[in-house]
Protein chains: 2
Amino acid sequence: MNTILSNLKIKVNEKIYVKDPETSPLGKKIVEKSILLIDEIGFDNFTFKKLGEKIGSNESSIYRYFENKHKLLVYLSSWYWSWMEYKLVFATTNIVDPKEKLNKAITIVTEKITDNANTEHINEFILNKIIIAEFTKTVQTKEVDQENKEGFFLIYKRVINRIVGIVKEVNPEYPFPKSLVSTIVEGSLHQHFLTEHLKTITDCNESVSTTEFYLNLAKNVLR
Amino acid sequence: MNTILSNLKIKVNEKIYVKDPETSPLGKKIVEKSILLIDEIGFDNFTFKKLGEKIGSNESSIYRYFENKHKLLVYLSSWYWSWMEYKLVFATTNIVDPKEKLNKAITIVTEKITDNANTEHINEFILNKIIIAEFTKTVQTKEVDQENKEGFFLIYKRVINRIVGIVKEVNPEYPFPKSLVSTIVEGSLHQHFLTEHLKTITDCNESVSTTEFYLNLAKNVLR
DNA sequence: GCAAATATAATAGTATTACTATCAATAACG
DNA sequence: CGTTATTGATAGTAATACTATTATATTTGC
């Protein structure tokens, strides 16, 4: 899979950026180093000025790619969920048994990323850390309805609904497939966060356990 | 219950504030109006200057109560979860059957607040809206470990673990009680958010449905 | 190979945010 | 009635979140 992914260009909604960062070395550097810097100091403390210093480039140059740091985070999230979608499709095609397919899908979206799947300038391991720590901030803003209308969260919603399709195959009678999947996807990010920071309210302790919890949950709910 | 609650003073960790807002009219006004203003413009756009204008008071006076807006939000959250804890305790004492007790508990924490339980200066209906929209921001910061050590999230964790106790009564064999409860509590806030803003990835549409979904989920998982 | 177009860097500047400090005015309390 | 605590007003600083302008590279198209 690695080789396939390394050749694949992940498409992100054009409205998210001013100029496509994939089209220039500086753009790629912005993406690459912003991931590292957000992980290092947190999104709240992250500024374009600090990023400029980090990449030896000018603040104003970064503004030519992204309007503001919020949009940059939306871009990184979109990239992440787009990447997830590819992983999902790859892992589930040709599997006939719906239950097995669902287990694969849940595993993909709930497991912690431990390896870096060699996309040249994007460190998936660290990007996953950012998504765990900051993803809800991309949607939880006053502008969510406007941005949703503009398609900023399309890929995320598509990932959810792809899994919803599998859930319906497993049990067409189950009345809450969408809520179940959005609970699993969002919830697993939250469980990873708790594992790291608020250990007393989670049973998950390594990468395996969060996935185990949700595999068990889905099995029980859909039988 | 309303009358009991209106007499009750909810206790919040002293480290969260500079001066206890409950001890003065200005303090109460800060709490009251900050809830309205955060709901109105969102936490990201909320500033002490704007709040000062809104309450006809000086920015610097607000700083005498709260170090910064983050701490104010942590205060509001603590108040909210403390209130939840009271509601939980009231609704579940004297119920013998663990299953019934759990159903009551899940209902309390997952239902949308529709009435204002007459705490003089706090509008619980709007506070609930803020928690839905902004709660994760209180924990998802770079300072979470330090603040957790200082006990900023104690009440929240106590609410979770109180319900965990009931889950264990219902099914002592179930291996993930903490993750289940933290998924339900956090997840229900998320579902309420989706219902409001990203309707295509949730089945919940009114207050009832979110609770129904989680009641059903818990029943299936714990049988 | 050179002109034209494009991308980047450097600098400056503005409005807002997130505070801190100081001092005067007022209210509360014993 | 005087002390103390509380609030208000003003000022000031450093950082943030940008925008605008101009100079300098770099690319590319003919």
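## Two DNA strands against chains A and B

In this predicted model, an N or O atom in the side chain of B:Ser24 lies 3.5 Å from a phosphate oxygen of DNA strand D. The model is predicted, so local features need pLDDT of at least 70 and side-chain atom pairs count only at pLDDT 80 or more, while totals for chains, interfaces and linings use all residues. Residues are numbered from 1 along each chain as its sequence is written, chains are lettered from A and ligands numbered from 1 in the order in which they are written, and side-chain values use heavy atoms, with hydrogens and water left out.

**DNA strand D**

- Sixteen is the number of residues around DNA strand D, and A:Tyr63, A:Asn68, B:Ser57, B:Arg64 and B:Tyr65 come nearest; a residue is near a strand if one of its heavy atoms lies within 4 Å of it.
- Sugar or phosphate makes up 54% of the strand D atoms within 4 Å of the protein, and bases make up the rest.
- A polar side-chain atom of B:Ser57 is 2.4 Å from a phosphate oxygen of DNA strand D, and for an N or O atom in the side chain of B:Tyr65 the distance to a phosphate oxygen of that strand is 2.7 Å.
- A polar contact is a pair of N or O atoms within 3.5 Å; within protein, one must be able to donate a hydrogen and the other to accept it, and residues adjacent in sequence count only if both atoms are side-chain atoms.
- Helix 4 (59–63) of chain A and helix 4 (59–63) of chain B each supply at least two residues of the surface near strand D; helices (H or I, at least four residues) and strands (E, at least two) are DSSP runs, numbered from the N terminus.
- Helix 4 of chain A gives the most to this surface, with three residues.
- By class, the surface near strand D has three nonpolar, eight polar and five charged residues; Ala, Val, Leu, Ile, Met, Phe, Trp, Tyr, Cys and Pro count as nonpolar, Asp, Glu, Lys and Arg as charged, and the others, Gly among them, as polar.

**DNA strand C**

- DNA strand C is surrounded by 16 residues, of which A:Ser57, A:Ser61, A:Tyr65, B:Tyr63 and B:Asn68 are the closest.
- Of the strand C atoms that come within 4 Å of the protein, 56% belong to sugar and phosphate.
- Side-chain N or O atoms of A:Ser61 and A:Tyr65 lie 3.1 Å and 2.7 Å, respectively, from a phosphate oxygen of strand C.
- A:Arg64 instead has a polar side-chain atom 3.3 Å from a base nitrogen of strand C.
- Helix 4 of chain A and helix 4 of chain B are the elements that give two or more residues to the surface near strand C, and helix 4 of chain B gives the most, with three.
- That surface divides into three nonpolar, eight polar and five charged residues.

**Core and helix 2 of chain A**

- The largest nonpolar core holds 144 residues, and A:Trp81, A:Leu180, B:Trp81 and B:Leu180 touch the most other members; such a core is a set of buried Ala, Val, Leu, Ile, Met, Phe, Trp, Tyr and Cys residues joined through side-chain atoms within 4.5 Å.
- Leaving aside its neighbours within four places in sequence, A:Leu180 is in contact (heavy atoms within 4.5 Å) with residues of both chains, including A:Val167, A:Tyr174, B:Phe213 and B:Leu217.
- Helix 2 (residues 25–41) of chain A has 17 residues, which should span 24 Å at 1.5 Å a residue, and its end C-alpha atoms are 24 Å apart, which agrees; the expected span is 1.5 Å times one less than the number of residues.
- Among the buried residues of helix 2 of chain A are A:Ile30, A:Val31, A:Ile35 and A:Asp39; buried means under 20% relative accessible area, exposed over 50%, partly exposed in between (1.4 Å probe, protein chains only).
- Helix 3 (48–54), helix 4, helix 5 (69–92) and helix 7 (124–139) of chain A are among what covers them.
- A:Gly42, just after helix 2 of chain A, takes a positive phi of about 85°.

**Loop residues**

- A:Thr202 sits in the loop between helix 10 (177–197) and helix 11 (207–222) of chain A and is buried, at 6% relative accessible area.
- The side chains of A:Thr202 and A:Gln191 are joined by a polar contact of 2.6 Å.
- B:Gln140, in the loop between helix 7 (124–139) and helix 8 (144–149) of chain B, counts as buried at 6% relative accessibility.
- A polar contact of 3.1 Å joins the side chain of B:Gln140 to that of A:Thr136.
- A:Asn94 is in the loop between helix 5 and helix 6 (98–110) of chain A; its phi is near 75°, positive in a residue other than glycine, and at 78% relative accessibility A:Asn94 counts as exposed.
- B:Asn94 has a positive phi of about 70° although it is not a glycine, and B:Asn94 is exposed at 78% relative accessible area.
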